[in-house]
Amino acid sequence: MAIARDGREEAVLERIEAFRRRRPRLNDEVVTLAHGAGGKASAALVDAVFLDAFANDELGALADAATLTVPGGDRLAFSTDSFVVQPRFFPGGSIGHLAVHGTVNDLAMVGARPQWLSAAFVLEEGFPMTELRDIVADMAAAATDAGVAIVAGDTKVVNRGAADGMYITTAGVGVIPERRRLGPDMVQPGDVVLVSGTIADHGMAVMLARGDLALEADIRSDTAPLGRLVDDLLAAAPGTRWLRDPTRGGVGTVCNELALATGLAVVLDETKLPVAPAVNGACDLLGIDPLYVANEGKLVAVVAPDEVDAALGALRAHPLGRAAAIIGEIHADPPRLVVLLTTFGGTRIVDMLVGDPLPRIC
Ligand code: MG
């Protein structure tokens, strides 16, 4: 690690070490789909390939977006994300909506107000211009809805067959209002874990839209921009500790990231997890745990015990948070683990997502 060690960096190095402690080593000779699933293999890849090579404390924070302090003292959030979803259109949205919402939401999770986006397109020779226009129109509508401007871009075209139609990469910048401070170091035993609505909608909507399962259900993606929901939450509950959008890997994986980053236990109550009946039914039939299925318009929040009612009230008052619920609590023990109190009165450890049951979900 090439960075000098003052107190702050020491804390970052410690967090990287905590991140590593429970990670399997990267033993693979080649990249597999699991390396892109957002779970255990992704974490091993980030650790073994990217963290050492790029070592710096902003990346080392392993948050949804990097927090950057500019010379005047203002803080910016900066994030990037690629979108490879298949199919490109699904109930509730398209790759265009995802490309905007994904980056906007990562900025919002570090407390920033998303403002500017870039968009880079890798297009395949032969891609229909009408479809490109439709996707770009979805991006424009999503950007307007989220209050961001797409201010820079790039276009590359590759040979037929080299990009499965198209891929989009967006990057985004947001401004973090003064006094907003979120992070795993704020989380304490006794804090409460909330989710802003039903889980697993996006992953199951895309899964069913592929049409290769003999299964039909009315499930729509939850893809949505979360900036204003975060504003309302932080206004009502300014002591909010930590936020994350449970995209790939789902709520189960982000709670593991929380447990690792804090060194504390995340105790979830299965009976309190909001899952829409159609989604629950589809997950049951396919043998998929909704805790690991991607969301694109939900946030997990850790709030102070004395602000739970205010936080829940603020979330439920917003159209994107109507089904918000308390799903768990932070405990001191067992350290660095996620424990689920099951519907049947037992307990089980929730690990990070292993493998990739749903590739190319976003
Ligand atoms: Mg994220």
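Biologist: Why is aspartate 201 called buried?

Modeller: Aspartate 201 has a relative accessible area of 8%. Buried means under 20%, exposed over 50% and partly exposed in between, with a 1.4 Å probe and only protein chains counted, so aspartate 201 lands in the buried class. Bear in mind that this is a predicted model: local features need pLDDT of at least 70, side-chain atom pairs count only at pLDDT 80 or more, and totals for chains, interfaces and linings use all residues. Residues are numbered from 1 along each chain as its sequence is written, and side-chain values use heavy atoms, with hydrogens and water left out.

Biologist: What makes lysine 298 and aspartate 201 a salt bridge?

Modeller: Their closest N and O atoms are 3.3 Å apart. A salt bridge needs a side-chain nitrogen of Lys or Arg within 4 Å of a carboxyl oxygen of Asp or Glu, so this pair qualifies. The two sit 97 residues apart: lysine 298 in the loop between α9 (277-286) and β11 (300-303), aspartate 201 in helix α6 (residues 201-209). Helices here are DSSP runs of H or I with at least four residues, strands are runs of E with at least two, and both are numbered from the N terminus. Lysine 298 counts as buried too, at 7% relative accessibility.

Biologist: How do you know that arginine 88 and glutamate 131 tie together separate parts of the chain?

Modeller: Their salt bridge has its closest N and O atoms 2.6 Å apart. Arginine 88 lies in the loop between β2 (75-83) and β3 (89-90) and glutamate 131 in helix α5, so the bridge joins parts 43 residues apart in sequence. Both residues are buried.

Biologist: And arginine 180 with aspartate 231: which is buried and which is partly exposed?

Modeller: Arginine 180, at 13% relative accessibility, is buried, while aspartate 231, at 21%, counts as partly exposed. Their side chains meet in a salt bridge at 2.7 Å, N to O. Overall, the structure holds 14 salt bridges.

Biologist: What makes Val49, Phe50, Phe54 and Leu59 a nonpolar patch?

Modeller: Patch members need over 30% relative accessible area and no salt bridge; nonpolar side chains (Val, Leu, Ile, Met, Phe, Trp, Tyr) are joined within 5 Å, like charges within 9 Å. Leucine 59, for one, is partly exposed at 35%, so its area clears that bar. Together the four have about 330 Å² of accessible area, worked out by the Shrake-Rupley method with a 1.4 Å probe, with only the protein chains shown as cover for residues. Helix α2 (residues 40-54) gives the most, three residues, and leucine 59 is in helix α3 (residues 57-60).

Biologist: How do you know that the length of helix α8 agrees with its residue count?

Modeller: The expected span is 1.5 Å times one less than the number of residues. For the 13 residues of α8 (residues 250-262) that gives 18 Å, and the end C-alpha atoms are 19 Å apart, so the two agree. The helix is mostly covered, with 10 of its 13 residues buried, among them Cys255 and Asn256. Right after α8 comes glycine 263, with a positive phi near 75 degrees.

Biologist: How many residues of domain 1 are in contact with domain 2?

Modeller: 21 residues of domain 1 are in contact with 22 of domain 2, where contact means heavy atoms within 4.5 Å. The domains cover 66-176 and 184-349, with bounds from an automatic or database assignment, and their C-alpha centres are 24 Å apart.
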